[in-house]
Amino acid sequence: MVKKDDEKGYVDIINGRYKPRGIFHISEANQPIFNKDTGKLAGVTNPRDMTYIHSYGGEAIFFESLGKGKLMASRCDNDNCETKGSIYEPFRIFCPDCLRRATPIDISDKARKKAKIHSFIVTHRSGAFNSLSLPIKFINVEFDEEVVTILMSVLALGEPEIGKRIIPIFRTKAPTYTIMDLMFVPEGTSESELPEGFTF
Amino acid sequence: MIKFSDKQLKIPKLMRPVYLATVGMSKFDRAFPETRTEELCIDALTAAADFVNMTPKDLKKYIHTCYYGHFADHFGDQLLGEAVIHDRLGLDPLGNIGVKTGGATGGSAMWEAVKAVASGYSDCALALGWERMDEVPTDEGNHLISAAADKDWETPLGHIYTGYYAVMAQRYWKIFGKEEESFRNTMAEIAVKNRGYARMNPHAQGPMKITVEDVLNSPIVAYPLRALDCCLMSVGSACGIVCDENTAYEIVDKPLRIYIAAGSHTLRVADRRNMKIPLLPNETKGQYDDLGKKFPGGDRYPGFTSFLAARMSAYYAYNMSGVIDPCEDLDVVELHDAFTISDIQTYEDIGIRPYGEGRTYIESGDAYVINPITKKPGKLPSNPCGGLIGCMHAVGATGLMQIAEIGYHIWNRWDEIHEPEEKWKAFGREKPKDWESLQVKGAKRGLAISHAGVGSHVTCTILMDPNNLIKED
């Protein structure tokens with residue numbers, strides 16, 4: 001069920017503090033659970049309608065960039081690190097080896113030229129709060145030798161195959177500021193075929 | 001990390017021998033709509049007392065500290081469940097702690113208990129685990145389980161954990177299974193075996209007499225995985241009590257020596273960087289140099305096809321206990337068959353077979369209590385309790401259930417736990433007319449793997465008859 005704007009919770013940060021406004025919980029009465037065969041009480045339901053707050057911290061740049069059509073990764077530039085030069089996608093705030101802050105870099109072009117499917121799975125099931133249409137085509141995206149990790153995403157069009165070349169697409173119209181603002185399509189897809197709200 | 005220091009590869013040392021004195025478990029089922037969690041925990045501890053002919057009151061007198069495994073607080077909306085259960089067991093005000101490592105929770109709870117006794121902090125420690133995921137409908141349950149993935153980078157995609165896990169299965173299927181029909185059949189044989197073994201287990205939730213065709217015709221969950229390739233979702237409890245030598249011999253005539261070690265890996269499979277394969281005692285340098293040639297695409301380690309956490313836990317545990325070759329040195333194993341294919345991956349990770357050859361453990365008949373090819377006892381039977389596919393996966397309890405089951409074989413008391421008509425009746429289950437004993441005859445050493453999700457945590461527990469140790473203290 002879709003809430004009206006005045007039933008939702010919003011948060012701003014002012015002077016380094018969270019300032020929530022709106023509704024963060026909606027109370028609802030417990031419902032009893034009865035054993036229909038014996039007529040005896042067995043338990044109760046516990047309705048919970050709650051909104052949580054979550055900080056992206058140093059990863060915020062990744063999630064904000066998606067809505068601007070950019071794929072950000074991070075790279076360790078510490079001269080003293082054994083794995084200097086490693087690029088991480090998923091984005092990491094810190095290098096996992098030397099724990100120095102990594103440098104955010106734009107790998108949109110690298111992704112367009114090199115991204116391919118490392119593995120995939122097509123599922124016909126989902127869980128509560130899912131907004132992707134079924135079946136969901138999960139893919140794992142490898143880039144090149146410099147990018148040492150393999151990103152999980154979704155194939156928006158076509159059928160997944162290991163090794164298939166893919167291109168990132170971004171939810172630039174009405175971004176959600178979540179990982180849902182990124183998907184991939186097979187190389188050669190035209191802009192007119194892209195899902196609603198997405199651009200290259 | 002992808003490189004280790006010598007300090008990090010140090011073989012763990014127990015400062016004194018630790019013994020498993022008794023074990024117990026509850027019935028396992030999909031749901032217990034009229035049972036409170038504590039009732040199942042009390043069933044498990046009472047069973048442990050019964051096993052050594054004590055009242056729960058008398059057994060409890062030995063316990064000094066408690067390690068409680070329960071993974072998914074958020075299902076039940078109750079934090080500090082360990083405090084609730086500890087109180088209901090009447091063990092307050094003893095020190096206790098809650099342990100959470102996903103599917104490895106049971107094994108991790110035992111890891112903590114063993115370390116407490118090994119250090120001398122306690123002479124007797126209780127490891128008890130439980131789980132219930134029945135108190136939400138399926139879609140909501142799928143979402144809550146998906147919270148065990150990365151909440152920003154994975155969970156929002158579908159809110160379904162299968163997606164994040166099955167990509168590993170896909171890659172193994174294509175690269176090591178070569179998408180062969182024969183391999184698909186081998187996967188199915190695991191389900192047939194484990195569901196069939198579950199028929200002999202009154203505690204088991206999912207006994208079934210099925211064929212390979214039944215598995216191949218079951219509904220697709222996420223290709224190549226079908227419904228019968230997948231483990232159960234369960235409710236229940238299991239426990240074990242570990243002690244120093246003197247205390248253990250007060251409780252039981254023959255306590256079992258216990259060794260346990262833990263490994264881990266990244267939460268996201270995405271983050272698993274390529275690295276050299278750490279070798280187990282039965283492997284040789286250079287053995288895997290041509291793995292990528294034999295299996296194109298299989299040159300990235302651990303990649304999506306191996307569980308480094310399992311390998312590390314086996315590395316530590318084998319070196320602690322003196323195991324060189326699990327097939328030669330062990331008599332029975334309980335492995336974490338979350339899916340048929342992840343079972344095969346684990347055979348390789350813990351050295352039952354080399355990387356790339358996991359399927360031969362099943363195809364040779366070695367994994368069966370009675371080898372279907374030779375009709376003789378299997379070389380290293382696996383999951384005679386029915387495993388996660390046939391018996392249960394009550395997450396916080398699973399690892400402890402597996403340790404209990406291995407214990408029953410080494411104690412030569414498997415029949416006592418699985419045969420009695422009264423137990424079958426009490427559990428409301430029908431004992432099959434063709435019930436047969438799955439006691440692994442002459443078992444002296446066994447192993448249990450407790451594993452979390454896509455391999456973020458794994459523990460490896462080894463139990464040995466104290467008169468059949470490999471390594472002298």
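Q: Is B:Arg268 buried or exposed?
A: This is a predicted model: local features need pLDDT of at least 70, side-chain atom pairs count only at pLDDT 80 or more, totals for chains, interfaces and linings use all residues, and side-chain values use heavy atoms, without hydrogens and water. Residues are numbered from 1 along each chain as its sequence is written, while chains are lettered from A and ligands numbered from 1 in the order in which they are written. Buried means under 20% relative accessible area, exposed over 50%, partly exposed in between (1.4 Å probe, protein chains only). B:Arg268 has a relative accessible area of 8%, so the verdict is buried.

Q: Which residue forms a salt bridge with B:Arg268, the closest N and O atoms being 2.9 Å apart?
A: A salt bridge needs a side-chain nitrogen of Lys or Arg within 4 Å of a carboxyl oxygen of Asp or Glu. The partner is buried too, at 15% relative accessible area. With N and O 2.9 Å apart, the partner is B:Asp150.

Q: How many residues apart are B:Asp150 and B:Arg268 in the chain?
A: Helices (H or I, at least four residues) and strands (E, at least two) are DSSP runs, numbered from the N terminus. B:Asp150 lies in the loop between helix 6 (138–146) and helix 7 (161–175) of chain B. B:Arg268 lies in the loop between strand 8 (256–264) and helix 11 (291–294) of chain B. The pair links distant parts of the chain, and the separation in residues is 118.

Q: Which residue of chain A belongs to the network of salt bridges with B:Asp150, B:Arg268 and B:Asp271?
A: The network links four side chains by salt bridges. Three of them are B:Asp150, B:Arg268 and B:Asp271. The residue from chain A is A:Arg92.

Q: Which residue meets B:Arg16 in a salt bridge of 3.8 Å, N to O?
A: B:Arg16 is partly exposed, at 23%. Its partner counts as buried, at 9%. The partner's side chain is that of B:Asp244.

Q: What relative accessible area does A:Asp144 have?
A: The side chain of A:Asp144 meets A:Lys114 in a salt bridge (3.7 Å, N to O). A:Lys114 is in helix 2 (residues 108–114), and A:Asp144 is in the loop between strand 11 (136–142) and strand 12 (151–154) of chain A. A:Lys114 is partly exposed at 40%. A:Asp144 is buried, with a relative accessible area of 11%.

Q: What percentage of the residues of chain B count as buried?
A: Chain B has 19 helices and 11 strands. Its C-alpha atoms fill a box of roughly 60 × 50 × 50 Å along the principal axes. Of its 473 residues, the buried share is 64%.
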